[in-house]
Amino acid sequence: MRYLSKATHAPITTNISKADSHTYMKAIRFDALLKTTIWGGEEVTELKHLSQAPLQVGESWEISGLPGDETLVSDGEFKGQTLSQLIATHGASLVGKHNYEQYGTNFPLLVKFMSTAKDLSIQVHPDDAMAQRMGHPFGKSEMQYILHAQPESRFYAGFNADFSADGYSQSVQDGSLMAHLKCHATHAGDCFLIPAGHIHCIGSGNFLIEIQQSSNDTFRAYDFDRRDAQGQRRELHIAQAREALDFHAYPTHRVHYDHKPDTASLLVDIPEFVVRLYEVEHTLNVDYATTDSFIIYIAYEGDALLHYDEGDVHLSAGHTILFPASTTFVRIEPGTHGFKALETYC
């Protein structure tokens with residue numbers, strides 16, 4: 001277990017065994033990759049204060065090791081390097097012993113901001129076994145944390161009753177698939193967990209953080225007969241969706257959690273990743289002495305000075321930072337207006 005406490009003037013005691021087993025590294029920032037989409041909105045560019053950004057930015061890939069879409073280190077001694085290059089050089093000191101042994105130079109997570117001016121497609125993602133049959137290392141389980149939602153915004157997740165592959169195919173033909181999905185109204189602070197194989201659709205008017213396995217495998221189960229910029233209907237992946245879908249109905253995909261200011265509120269704890277919420281108004285110490293993983297902070301409101309083994313860094317809303325596995329503590333000193341962020345590791 002990791003210990004959290006209100007700050008004192010004394011430094012946090014570090015774990016000697018972890019200190020001895022790693023080469024200390026500095027925290028790492030990356031240049032985000034902006035992705036324009038037919039459903040993209042404006043919140044990403046507004047949060048990041050990007051005056052020259054393109055229109056309809058649906059996603060900002062904050063940290064990615066996905067081949068062909070790797071984020072590059074933005075500054076410091078590793079400027080311009082990819083995650084796979086960093087892992088190849090620094091191994092367990094960067095990602096942790098377990099992650100390095102299990103994944104090698106494949107970074108296991110992908111972190112995004114997302115802005116949805118229109119509904120996304122109804123979609124499903126493969127599990128690890130299906131992804132590996134396709135030649136990819138990871139399936140795609142994911143979670144979404146809602147930062148802001150318009151009054152009529154919705155999130156569709158799961159079937160409202162047990163369904164079937166034939167029923168799915170028929171509903172695509174007759175346009176009735178939406179009627180078979182559970183619908184959730186969304187509000188700021190809502191959290192959803194979407195395991196691989198579970199059907200879902202992020203509705204319009206949502207601004208959110210998404211944390212997922214490092215995969216871009218998405219099978220469009222249905223897309224409302226929409227057309228792309230060239231006037232062509234976007235491709236559906238009906239055969240792949242039939243294979244990937246779990247047709248069972250589950251009670252809910254909404255995550256119920258206990259919110260506690262000035263501490264860590266656990267949102268998700270699954271084999272693929274852990275996510276915790278921080279809403280900090282007073283200086284807070286976080287002990288990572290026994291955490292065998294990198295730690296990512298995704299800031300979405302306010303700012304903070306983050307002290308750690310190798311110094312301190314400033315993190316403000318709209319930005320993300322990775323602390324290497326050699327990190328034994330972070331002391332969060334929030335700014336005048338507080339600090340809100342998600343933390344993730346695996």
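1. The charged end of Lys35 sits over the ring of Trp61, 4.5 Å from the ring centre. A charge is taken to sit over a ring if NZ of Lys or CZ of Arg is within 6 Å of the ring centre and within 35 degrees of the ring normal.

2. This is a predicted model: local features need pLDDT of at least 70, side-chain atom pairs count only at pLDDT 80 or more, and totals for chains, interfaces and linings use all residues. Residues are numbered from 1 along each chain as its sequence is written, and side-chain values use heavy atoms, with hydrogens and water left out.

3. The average pLDDT of the chain is 93, and 94% of the residues score at least 70; pLDDT is the predictor's confidence in each residue, from 0 to 100. Over residues 1-16 the pLDDT is below 50. Beyond near neighbours in sequence, this stretch has 41 contacts in the model, a contact being heavy atoms within 4.5 Å. Where pLDDT is low, the predicted coordinates should not be read in detail.

4. The structure holds 13 salt bridges, each defined as a side-chain nitrogen of Lys or Arg within 4 Å of a carboxyl oxygen of Asp or Glu. One of them joins the side chains of Lys112 and Glu59 at 3.4 Å, N to O. Lys112 lies in strand β6 (residues 109-116) and Glu59 in strand β4 (residues 57-63), so the salt bridge ties together parts that are 53 residues apart in sequence. Helices (H or I, at least four residues) and strands (E, at least two) are DSSP runs, numbered from the N terminus. Both Lys112 and Glu59 are buried; buried means under 20% relative accessible area, exposed over 50%, and partly exposed in between (1.4 Å probe, protein chains only).

5. A further salt bridge is formed by the side chains of Asp223 and Arg226, at 2.8 Å, N to O. Asp223 is buried, with a relative accessible area of 2%, and Arg226 is buried at 17%. Asp225 and Arg233 meet in a salt bridge at 4.0 Å, N to O, and both of these residues are exposed. Salt bridges that share partners join Glu59, Lys112 and Glu210 into one network.

6. Glu43 is a case to check by eye. Glu43 belongs to helix α2 (residues 43-48) and is buried, yet has no salt bridge. The nearest side chain of opposite charge, that of Lys118, is 13 Å away; Lys and Arg count as positive and Asp and Glu as negative, while His and the chain ends are not counted. Leaving aside neighbours within four places in sequence, Glu43 is in contact with Ser115 and Phe207.

7. A search of the whole structure finds eleven aromatic pairs. Rings of Phe, Tyr and Trp (its six-membered ring) pair if their centres lie within 6.5 Å; planes under 30 degrees apart count as stacked, over 60 as edge-to-face and the rest as tilted. Tyr145 and Tyr300 form a tilted pair, 5.8 Å centre to centre with 50° between the planes. This pair links distant parts of the chain: Tyr145 is in strand β8 (residues 142-149) and Tyr300 in strand β18 (residues 295-308), 155 residues apart. Both Tyr145 and Tyr300 are buried.

8. The rings of Tyr297 and Phe323 have their centres 5.5 Å apart and their planes at 70°, so this pair is edge-to-face. Tyr297 is in strand β18 and Phe323 in strand β20 (residues 320-323), 26 residues apart. Tyr297 and Phe323 are buried. Ring pairs link Tyr278, Tyr297, Tyr308 and Phe323 into a cluster.

9. Phe273, in strand β16 (residues 273-280), counts as buried at 0% relative accessibility. The C-alpha atoms of Phe273 and Gln213 are separated by 8.0 Å, with their positions 60 residues apart along the chain. Outside neighbours within four places in sequence, the contacts of Phe273 include Leu109, Met143, Ile211, Gln213, Val268 and Tyr345.

10. Two backbone angles deserve a look. His49 has a positive phi of about 55° although it is not a glycine; His49 lies in the loop between α2 and β4 and counts as exposed at 70% relative accessibility. Phe224, also a residue other than glycine, has a positive phi near 60°. Phe224 is in the loop between β14 (219-222) and α8 (238-244), and counts as partly exposed at 28% relative accessibility.
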